[in-house]
Amino acid sequence: MNTTMIQFFHWYSEGNGKLWKEAEKQAADLAKLGITSVWFPPAYKGTNGGYSVGYDAYDLYDLGEFDQKGSLPTKYGTKDDYLKAIKALKKQNIGIIVDIVLGHKAGGDELEKFKAVKVDENNREKIISDVIEIESYTQFTFPGRGKKYSDFEWNFNCFSGVDFAEGMDSHIYKIQSEYGNDWEEMIDDEKGNYDYLMYNDIEHRNPFVREELNSWAEWYFNLTDFDGVRLDALKHISFDFYKEWLTMLRSNSGKNIFAVGEYWAPGQLNLLQKYIEVTEGCMSLFDSSLQNNFHTASNEGGSYDLRRIFDETLTQADPMHSVSLVDNHDTQPLQDLEAPVESWFKPLAYALILLRENGYPCVFYPDLYGAHYTDKGGDGNDQEIFLEKVDGIEELLIARKDHAYGEQRDYFEDANCLGWTREGDDEHSGCAVVLSNKEAYSKPMEMGKRYAGKKFHDLLKRLEDEVIIDENGWGNFPVPEGNVSVWISE
């Protein structure tokens, strides 16, 4: 069966503890659509308690169990709700992918004094102050949880940098500690060194920190029996750390845990490939270059040459390590990395990731369910956003589940119209796909002689035409203007 992931949340997902319950309710329907794994948001307590999306991680052991940061549940629900959702999905043979945030911690409980230097925000290798003493919230005691599950207490020696100093201007401060007065090595020189991202940056060279993060991962796996991990913000974390961490996790769990990392570098395939090389292929990466191509194509319309859609993408260069996507919580409107794919192009983009042989496709929650949210602007100007579900998304998912198998023949000779066929296999009938970003079109394509005389219809119901395959296995498959058609045999 083809594997298909869904990101079951977005940045503005409804709070009030509803997401885990919704996932439990949707489990059977997701299975019918061919979803084989669900990527959940960070399940642990953030510094804003029940309002945290989860990327401002406070206590990794608090999955909505302890009264901390103003609430017992997380934004998504209680620990019990979370475990029930996992159980319901696993009952449908859907794997669980958990979101792992090990680059930083936020919301420390107590101030500590320590030595630090200021660094230039645009070149973190440039020191712009003498060594000074600062106070920052780097002591984590977790008063709501105490020492349950772990007695590890985080202090300034567990961090390499902070962006807050009591009584001082907001700045990036490099902590001077026994584990290093410089940043950890990254694979790129963006901002001089992009080790530091936000909050309290975790010092992965501290062996006690590594031991604690390995122990936590084993605890988390034993509790939830997750099947995969999504690794947050890789460009800000030592690549050596995650090689070790994943090796330990797989060893301790006795399970070949799937891993996909977020190294967001649109248009920089070389960095994705370099990261895969230095981590010795221990994880897949999201294809940020392909997502950026979709964004560009959707904005350029008919002037975009569709033959370039897979240029400089991980899905084309290294499909075994590619997780393909159309949008995610970082690219959606109002986010810092905003690069949404326009709604008219989304059916085409989803056909390109769901119905072809390369890549592991990931569907975004609003594209299946729609979304409506309001961003509270600091200036009082609220922005209301409506995201419509993608037209035909269920049919495209069904086509992947039931028809996107077997030999693939590509017809990419036209700048504004792409086509391909999947011949099917012993268990599945195949399909023919045509998409256009300009005028209506008909594309002659080979389905295979096994289909000679068979009638094909458009699963998406864009067209009522009927295509009859000739004695040589060929058919002439039409597509409407600026749209996609998916043809299957009766």
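The expected span of a helix is 1.5 Å times one less than its number of residues. By this yardstick, helix α3, with 18 residues, reaches 26 Å from its first C-alpha to its last, close to the 26 Å expected. The model examined here is predicted.

Helix α3 has many buried positions. They are V209, E212, L213, N214, W216, A217, W219, Y220, F221 and T224. These buried residues pack against two helices, α2 (79–91) and α4, and two strands, β5 and β12 (200–202). The N-terminal end of α3 is capped by N206. A side-chain oxygen of N206 lies 2.8 Å from the backbone nitrogen of F208. After α3 comes D225, with a positive phi near 55 degrees.

Helix α4 spans residues 239–253. Its 15 residues reach 21 Å between the first and last C-alpha, close to the 21 Å expected at 1.5 Å a residue. Buried in α4 are F239, F241, Y242, W245, L246, L249 and S253. Seen down the axis of α4, these buried residues fall within an arc of 145 degrees, so they line one face of the helix. The face turned away from the buried side carries the exposed residues T247 and S251. The cover over the buried residues of α4 includes the helices α3 (207–224) and α5 (269–278). It also includes the strands β5 (95–100), β13 (228–231) and β14 (258–261).

Helix α4 also has an N-terminal cap, provided by S238. Here a side-chain oxygen of S238 sits 3.2 Å from the backbone nitrogen of D240. G254 follows α4, and its phi is positive, near 65 degrees.

In helix α5, the buried residues are L269, L271, L272, Y275 and I276. Viewed down the axis of α5, they fall within an arc of 165 degrees, so they line one face of the helix. Exposed N270 and E277 are on the face turned away from the buried side. The buried residues of α5 pack against three helices, α4, α6 and α7, and against strand β15. α5 is followed by E280, whose phi is positive, near 55 degrees.

Several of the strands named above belong to a barrel. This closed barrel has 8 strands and runs β1-β2-β5-β13-β14-β15-β16-β17, with parallel pairing. The twist averages 25 degrees from one strand to the next. Within the barrel, β14 and strand β15 (residues 284–286) run parallel and are joined by 2 bridges. One bridge pairs G261 with L285 of β15.

H10 lies in the loop between β1 (5–7) and α1 (19–32). With a relative accessibility of 4%, H10 counts as buried. Its side chain makes a polar contact with the side chain of Q332, at 3.4 Å. Leaving aside residues up to four places away in sequence, H10 touches H329, Q332, F364, Y365, P366, A371 and Y373.

E135 lies in strand β9 (residues 132–139). It counts as partly exposed, at 29% relative accessibility. Beyond residues up to four places away in sequence, E135 touches L111, E112, K113, F164, A165 and E166. The C-alpha atoms of E135 and F456 are separated by 70 Å, and the two residues are 321 apart along the chain.

Two loop residues have notable backbone angles. Most residues other than glycine have a negative phi. Y199 is not a glycine, yet its phi is positive, at about 55 degrees. Y199 is found in the loop between β11 (172–175) and β12. At 30% relative accessibility, Y199 counts as partly exposed. E312 is likewise not a glycine and has a positive phi of about 55 degrees. E312 sits in the loop between α6 (288–300) and α7 (314–317). E312 is exposed, with a relative accessible area of 53%.

How values were computed: Residues are numbered from 1 along each chain as its sequence is written. This is a predicted model: local features need pLDDT of at least 70, side-chain atom pairs count only at pLDDT 80 or more; totals for chains, interfaces and linings use all residues. Side-chain values use heavy atoms; hydrogens and water are left out. Helices (H or I, at least four residues) and strands (E, at least two) are DSSP runs, numbered from the N terminus. Buried means under 20% relative accessible area, exposed over 50%, partly exposed in between (1.4 Å probe, protein chains only). The arc is that of the directions from the helix axis to the C-beta atoms. Contact means heavy atoms within 4.5 Å. A polar contact is a pair of N or O atoms within 3.5 Å; within protein, one must be able to donate a hydrogen and the other to accept it, and residues adjacent in sequence count only if both atoms are side-chain atoms. Two strands pair if DSSP finds at least two bridges between them. Axes are lines fitted to C-alpha atoms, for helices over the stretch in contact, and angles run from 0 to 180 degrees between N-to-C directions.
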